[in-house]
Amino acid sequence: MKYRRNFEFSPKMLLVFLTLICGILLSVSVLCKNITTPFSNIVGMVIVPMQDGINSFGVWTSEHLGSFKSIKELQAENKKLQEKVNVLTEENEQLKGGEQELAQLQELLKLDKEYSEYSKVGARVISNGGGNWYENFVINKGSKDGIEVNMNVLAGTGLVGIVTEVGHNYAKVRSIIEDESRVSAMTLKTSDTCIVRGNSETMIKDGTIDVTYINKDAKIKAGDELVTSHISSRYLPGLRIGTVSSISMDSTNLTKSAKVTPVVDFQHIQEVLVITEQKKVPENSESAD
């Protein structure tokens, strides 16, 4: 069975066809130049409007074909520009990440110099349990690197926490903001002692953790800096913890409580320093923390 093929009449073919008709009519007008005037007038009335129409159609076709071409060119150019923007955006994000990492490494370098009396091992955080806060996290150094349980961990400008578990090539760290954390601390100015307790709820709420067991006569006040105390059984002395933000008398009127803002940013920890020395205390001694 044969199918009739659809005939498409393109604008170019139409233009050629109309041009041919116009040429024929012009030829007729020349041949009929000596014929009667009425017939010439009729031919002129037919030819002139047709010429105007053909010219208008030709101009319209030319302009629109040019516009279609320009639109395609602009779309292609826009696609290329968008690809360049995507590449530049990705490179910018990588640079930002690199700047943050560099800033943290510079902080660790300062921290290393500040606590130069202690030997340390640098490590990278490889997991934080999927939360927004680094309460418990895993680092990429373990027993093969000399890491042991109860070693102190630093980051930013001070104390992060303590090693709680060690594998061959990894270690788990519990931070001082975790609810089970207890750190024996003291003020730099007055040496008054206290216990810094982790509190994930208040840490999320206002960026502070608890300070308890402050003697009622202690001269601790807002703005004082807390560091690990000499009576701690697990934390080396003098490690910076944070700044007291508020203090109040307990209901018993025997002790005070306070809030401390840690010096470490517990939402953005990438690199840490593990102090490979441990606090030496007599066996069976009572722990202050």
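**Strand pairing in the six-stranded barrel**

In the predicted model, valine 153 stands opposite glycine 161 in strand S4. This pairing belongs to the contact between S3 and S4 (residues 158-166), two antiparallel strands joined by four bridges. The two strands form a hairpin with two residues between them, and within this hairpin glycine 156 adopts a positive phi near 60°.

Strand S3 also pairs with strand S12 (residues 271-275), again in the antiparallel sense, over two bridges. Here valine 153 stands opposite valine 274 of S12. Valine 153 thus has a partner in S4, glycine 161, and a partner in S12, valine 274.

The side chains of S3 (residues 152-155) are divided between two directions: Asn152 and Leu154 point one way, whereas Val153 and Ala155 point the other way. In a regular strand, side chains alternate between the two faces of the sheet. Asn152, Val153, Leu154 and Ala155 are all buried.

These pairings form part of a closed barrel of six strands, which runs in the order S1-S2-S5-S4-S3-S12 with antiparallel pairing. From one strand to the next, the twist averages 45°.

Elsewhere in the barrel, strand S1 (residues 120-127) is joined to strand S2 (residues 136-139) by two bridges, and these strands likewise run antiparallel. In this pair, serine 127 stands opposite valine 138 in S2.

Definitions and conventions:
Residues numbered from 1 in each chain as written. Predicted model: local features only at pLDDT ≥ 70, side-chain atom pairs only at ≥ 80, totals over all residues. Heavy atoms only, no water. Pairing = 2+ DSSP bridges. Axes fitted to C-alpha atoms, helices over the stretch in contact; angles between N-to-C directions. Buried < 20%, exposed > 50% of the residue type's maximum accessible area, 1.4 Å probe, protein only.
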